[in-house]
Amino acid sequence: MSETRTFQAQTNKLLDLMIHSIYAHKDVFLRELISNASDAIGKVKFLALTDTDLLEGDGDFKIKLVPNAEAHTLTILDNGVGMTYDEVIEHIGTIARSGAEAFADKIKAAGPDAATPDLIGQFGVGFYSAFMVAKKVVLETCKAKGDHAVRWESTGDGEYTIERLDKTRRGTRITLYLRDKDAPVEDGDDDEETIFNADNWTDSWKIRSTVKKYSDFIAFPIAMDTKKWETEKDDDGNKVEGAESKEITVEETLNSSKALWTRQPSTIESDDHKAFYKHLTRGWDDPSEIIHFHTEGAQEWTALLYVPGKAPFDLFSRDPRRGLQLFIKRVFIADDVKELIPEHLRFLKGLVDSSDLPLNMSRETVQHDRLVMAIKKRLTNKVMSHFKDLLEKDREKFVKLWDEFGTCLKEGFHYEPAGKDKLADIVLVRTTHNEGWSTLAEVVERKQAGQTALYYLTGEKLETLQSAPQLEVFRKRNIEVMLLPEAVDEIMVGALEKYQDLELKSAAKGELDGLPETEEETKAKEVRSESFAALTDRLTKILDSSCKQVRVSERLTDSAVCLVSDSAGMSPQMERMMQSMGQSMPVQKRILEINPEHGLIIAMRDLAAKDSSDDRLGEFGEMLFDQALLAEGAPLKNPARFAQRIASAMTFAVGH
Ligand code: ADP
């Protein structure tokens, strides 16, 4: 009894996109189906390590491609683990990848033009890519040691039928009923362009070259029957006189099956890496860095890692695909093993092949395995020193990598505090002194005589930071300040505390100690704060509910006011970050600093000296506080009132 079911809504959307958007890359369908077949064989091979019955006597693992020009079909067969009825519904009727929904939404928001191959490649299109070349797909499968087989069929237009059959031999057979030659497929345009001409997918040359291109590394043989003319030969290999040539069928293995990572790094061509990377990620882009090494001695393992050219769309989503593939003695064990790399290196793609881990390792045992932890540690060090080398030898390339993954790398200050010094060596920052990126070491090199701290300013936007009033004194003294506009920067400065013996200090926190200062300057400071005492006392009272204190500033030269935190206080960025993570935070009051050289402040000082209860001081005090908020790009409590006050001050100024 067959049953008809409908695809999930997003599946339909994805199918539609597939058929209409990425026809230029339609040959990937073969790669996808071969990958699935190989995964299925890998699974049964792995399970059979502990349960040989699963093989049911068939341990000759193979993927077979059967083109049939007359029937216009291409069949992909494997003797992998197969699927049960429920599994087919679960895996084939829905989209397994968690990103698919996000993808469909993204495309919906951005319009169909956004469905570029690059973007689609990030999601992996899997089984559905079959519909790029097929008008009908029939999947027949039988689970290892299963008691039934399943037949699934669909024309990719919203529905599929599925039925339970008698048990067959283990594995999966996928038959593609290829689209007719020259049959135009509606692509939405009026021009009757033929976007599919899949005829040659029964052509053995085409199949052979596509397998070579995308699937050469598949660990199991990919076989195809080919016809050959043969003439009878004698024992010495000479043609037999008068013998006629006859056509015979031979099974040809199309792939070399050689695990790339087992080869000497120097013998691997860059094209091999590109192809292997595409095979691993099932994408279209090329890797930007290759990290390939082998360790011997106490532990023997190999890692082959790639840095993608571009950050994946889901790098910062809650549940991105991450982790490496794990092989044990060339046997595939698991995908996405996140125990092998730290969180902040989650953008790396690749694999680890260990000779020392036990073959019965499972996802659960991986979590607590000490050897796995040791691999992770060593691998992290290797990657960090690779990045450091790159920074030293090819700055431009490193900057590109930093642009894509710098934010993610900085999360290491949180996840791997033990590695913070190594990480600090490759961190790039923007500063007041340099247009481009600087390393922390470069900022240290440019320090002024007598400077004992490294200064930074955190905030939300680079542009706001560049014109922050808190920087004025630093500009005047030509002291460089690092401008840190990302949320993760707060974590970085918090974890780092010091770089090369220089303490990291916020330019907007506490008193400005650590700046070189002469004795005269120190004296002048004291005198000044005396003469402003009446004003600062009054303003402190007026602004009691919004700030902790009003004091004379050492950092301002042009602006009238700015807000700073206590040296132990939390910055407003940190506060906002904690709040966005759902932590309730008591509002931290900050300190309002006033510029003793600013005309307005001097006038207010004189006003306060005459009559410290003058009403205008109250009004102006509140306006000054709002100004300080505005300069940070922060919202005002009551913007309308501020606007009214400005308007009346302006009216007064023009003399009405
Ligand atoms: P992905 O391979 O990314 O998970 P696919 O759409 O290609 O996505 O496949 C979905 C699932 O269907 C696979 O994860 C696997 O469980 C199952 N599957 C696909 N092809 C096969 C096959 N040849 N043998 C067994 N299971 C398969």
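How many aromatic pairs does the count come to? Keep that in mind while the model loads, and remember that what you have open is a predicted model. The count comes to 15 aromatic pairs, and a couple of them make good opening stops.

**Stop 1: Y277 and Y306**

Select Y277 and Y306 and show their side chains. Their rings make an edge-to-face aromatic pair, with 5.4 Å from centre to centre and 65° between the planes. Now colour by secondary structure: Y277 belongs to helix α7 (residues 270–281), while Y306 belongs to strand β11 (residues 301–308). The two tyrosines are 29 residues apart, and the pair links distant parts of the chain.

Turn on a surface and look for them again. Y277 is buried at a relative accessible area of 2%, and Y306 is buried too, at 0%.

**Stop 2: W402 and W437**

Next, select W402 and W437. Their ring centres are 6.5 Å apart with the planes at 80°, so this pair is edge-to-face. W402 is in helix α10 (residues 395–410) and W437 is in the loop between β15 (428–431) and β16 (438–439), so the pair ties together parts 35 residues apart in sequence. Under the surface again: both W402 and W437 are buried.

**Stop 3: back to the tyrosines, with company**

Which residues form one aromatic cluster with Y277 and Y306? Add F217, W261, F276 and F327 to the selection; together with Y277 and Y306 they form one aromatic cluster.

**Stop 4: charges over rings**

Now for rings with a charged neighbour. Select K136 and Y177: K136 lies over the face of Y177, 4.4 Å from the ring centre. Then pick R164 and Y85, where the charged end of R164 sits over the Y85 ring at 4.5 Å from its centre. Keep Y177 and K136 on screen, as you'll meet them again.

**Stop 5: strand β3 and its partners**

Show residues 73–78 as a cartoon. This is strand β3, and it is mostly covered, with 5 of its 6 residues buried. Bring in residues 63–68 as well: that is strand β2, which pairs with β3 in the antiparallel sense over 6 bridges. You can check the register at N68, which stands opposite T73 in β3.

The β2 and β3 hairpin has 4 residues between its strands. Pick H72 in it and read off the backbone torsion: its phi is positive, near 60°.

Then add residues 171–178, strand β7. β3 and β7 run antiparallel and are joined by 6 bridges. Click T73 once more: its bridge partner in β7 is Y177, the tyrosine with K136 over its face.

**Stop 6: S154 and L165**

Select S154, which is in strand β5 (residues 149–154). Is S154 buried or exposed? S154 is buried, with a relative accessible area of 2%. Draw a distance from a polar atom of its side chain to the backbone oxygen of E159 and you should get 2.8 Å. Beyond its neighbours within four places in sequence, S154 is in contact with F7, F131, K135, K136, V137, E159 and Y160.

Move on to L165, in strand β6 (residues 159–165). This residue is partly exposed, at a relative accessible area of 31%. Its C-alpha is 5.5 Å from that of V150, although the two are 15 residues apart along the chain. Setting aside neighbours within four places in sequence, L165 is in contact with H148, A149, V150 and R151.

**Stop 7: helix α21**

Select residues 615–631. Helix α21 has 17 residues and reaches 25 Å from its first C-alpha to its last, close to the 24 Å expected at 1.5 Å a residue. At the N-terminal end, show D614, which caps the helix: a side-chain oxygen lies 2.9 Å from the backbone nitrogen of R616. Just after the helix, G633 takes a positive phi of about 75°.

Highlight the buried residues of α21: L617, G618, G621, M623, L624, F625, D626, A628 and L629. What covers them includes the helices α18 (533–542), α20 (599–610) and α22 (639–653), as well as the strands β21 (547–552), β22 (561–564) and β23 (590–594).

**Last stop: zoom out**

Show everything. The protein has 22 helices and 23 strands, and 47% of its 656 residues are buried. Among contacts with a separation of 6 or more, 70% are between residues 24 or more positions apart.

Technical notes. Residues numbered from 1 in each chain as written. Heavy atoms only, no water. Expected span 1.5 Å × (residues − 1). Buried < 20%, exposed > 50% of the residue type's maximum accessible area, 1.4 Å probe, protein only. Contact = heavy atoms within 4.5 Å. Polar contact = N/O pair within 3.5 Å; in protein donor to acceptor, adjacent residues only side chain to side chain. Phe/Tyr/Trp six-rings, centres within 6.5 Å; stacked < 30°, edge-to-face > 60°. Lys NZ or Arg CZ within 6 Å of the ring centre and 35° of its normal. Pairing = 2+ DSSP bridges.
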